[in-house]
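Student: Could you take one part of this model and walk me through it closely? I'd like the odd backbone spots first, then whatever holds the long helices to each other.

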Amino acid sequence: MDLAHEEEPINDLEADEMERQPLGDTPLRERHVYRTQYQGMVRQKAYIFDGCGNFYNKEWDLAEGRGNEFCWYHVELPKGNEKLAQSAQYLISVLCPPLKLQDILSLVSNGPFCGHVDGALVFRVNSPGPPSSEFTFRIAARVTENSVITVSLGRVPRLGFSQIGQSLLSEIPRVESPSPGSEQKEGAGIVIREHVLEFLLTMNHSEEADNPVPKSVSNLVVHIVDTHVDHLQDVLTKLEMDLDSVELQLDKGGFALKKQMLDDRRFPKMHLDLQRLLQVIAHGEQVFPRVKEKCSSKHWFASEDINSLEELIGRLRRLKDNVGFIANRVTAIQAGLDSWQAEQINRKLYYLSFLSIVFLPLSIITGVFGMNVGGVPWTGQNAPELRDGFRNVMMLCLAMLLLVLLCFCFPALYSRVAAWQRIRAVGRSWSLNRKSFLQRTVQNGAVQDRGGYLRI
């Protein structure tokens, strides 16, 4: 549906009937509205809550609620290789008007932020990493008394709302029969396959259908922060499970597997991902306490939700500690691989040293007897003018050998000479101090003999 065209005026009753379509009469999935300029690039969700635990789909008009009603507009930016300016253009296309440029910049910029922009509370936790990375998180919100506008990079699990009938967790599961010809009982439940179970085990929360419907804007803000922390926990849990499987492979694997992991730089990349995740958590530690502080002064923000924000902040700190533990594990595994690689290099150097021990004497012999000089033994070169050539070359080689040995021994000789000079200097200073002490003692004795008076 194109939102740019003008519509005929309608009365308030017809508008309420259009906006308040209950989920029982609409499809189970949310209705998405796209602008024509970036059709298919930006996903949008629009809800209206009546304040009594019910919610409805609504048009994307960015209007605020009336009375106890409040609206929520959510934009999902594509998780691709777009630049930050391209993301800003997406938001301008779907949020302007009524939002201004300063609102768009406060929502899409990188880094942590919490403050009031044009009378609305705006906070964001946007990491500056590449948008296509799994460890780049961006969530921003603009909160007023009767409306909330959020922007996220990609899909955030459990952020939206849907009917309870859609929840997979509310179904009765059963195990798939190993034999295809066996009979299954009707009504016994749905089959949960192994890959679905592996995906569900990485989740630390329920599905969208199990989300409690917020009754106020403060409930919705807590829900947004909670889903963000859940998203971080999901990514960290998946990374920890991958690390466990890699450790198991290393215990069972051999030379080829370890060599492949070193070539792929598996653990340095994992450590870099952990640092990006730690940066996002640090941004949350900066922003969410300020959000709690600013929301505590709002009359429409409930005190129970202030306590919920405090619990989420504590959970975020515990998540930071868990990231530190996993980073230490990755560092220890990488250190083990580095020591294994050093051991392999030392073994190869040992083999090379053994070969050099074998062939070094042979090379010396062939070099000596292969010299193009006269007087080489057992060659029959007995001419008087050539007889001293071999002897002169051997004396030159001996002089060069003595010079090289002197160069190697010079640091040890220099240290011994320097130590001897220091000892001699200390002994000389001690003797001088002893003589001066004796002289002072004799003079003091003479003064005492004269009754304590000195001669002027």
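Tutor: Pro-98 sits in the loop between α2 and α3, and the peptide bond leading into it from Pro-97 is cis, with omega near 15°. Pro-97 belongs to the loop between α2 (84-95) and α3 (101-108) too, and its own bond from Cys-96 is also cis, at an omega of about -15°. Helix and strand labels here are DSSP runs counted from the N terminus (H or I for at least four residues, E for at least two).

Keep in mind that this is a predicted model: local features need pLDDT of at least 70, side-chain atom pairs count only at pLDDT 80 or more, and totals for chains, interfaces and linings use all residues. Numbering runs from 1 along each chain as its sequence is written, and side-chain values use heavy atoms, with hydrogens and water left out.

Two non-glycine residues have positive phi. Leu-62, in the loop between β2 (55-57) and β3 (70-77), has phi near 60°. Leu-62 is buried at 10% relative accessibility; buried means under 20% relative accessible area, exposed over 50% and partly exposed in between, using a 1.4 Å probe and protein chains only. Arg-265 has phi of about 55°, lies in the loop between α6 (255-264) and α7 (266-295), and is partly exposed at 47%.

Now the long helices. α5 (residues 217-252) and α8 (residues 303-369) pack at about 15°, their axes 10 Å apart; axes are lines fitted to C-alpha atoms over the stretch in contact, and angles run from 0 to 180 degrees between N-to-C directions. That makes α5 roughly parallel to α8, given that the label covers angles under 35 degrees, with over 145 roughly antiparallel, 65 to 115 roughly perpendicular and the rest oblique. The contact of α5 with α8 involves 16 nonpolar, five polar and eight charged residues, where nonpolar is Ala, Val, Leu, Ile, Met, Phe, Trp, Tyr, Cys and Pro, charged is Asp, Glu, Lys and Arg, and polar is the others, Gly among them.

Some of those charges pair up. The model holds 17 salt bridges, each a side-chain nitrogen of Lys or Arg within 4 Å of a carboxyl oxygen of Asp or Glu. Asp-230 and Arg-315 meet at 2.4 Å, N to O; Asp-230 is in α5 and Arg-315 in α8, 85 residues apart. Asp-230 is buried at 3%, while Arg-315 is partly exposed at 21%. Further along, Arg-329 and Asp-244 form a salt bridge at 2.7 Å, N to O. Arg-329 lies in α8 and Asp-244 in α5, so this pair ties together parts 85 residues apart in sequence. Both ends are partly exposed, Arg-329 at 24% and Asp-244 at 37%. Shared partners join Arg-158, Asp-226, Asp-230 and Arg-315 into one salt-bridge network.

The Arg-158 end of that network is a salt bridge to Asp-226 at 3.1 Å, N to O. Here a loop is linked to α5: Arg-158 is between β7 (147-153) and β8 (173-174), Asp-226 is in the helix, and 68 residues separate them. Arg-158 is buried, with a relative accessible area of 8%.

One last stretch: an unreviewed UniProt entry gives a "transmembrane region" at 349-373 and 393-414, in the numbering used here, though such annotations may be inferred rather than shown by experiment. In the model, 349-373 is 84% helix and 0% strand, its end C-alpha atoms 36 Å apart, whereas 393-414 is 100% helix and 0% strand, with ends 31 Å apart.
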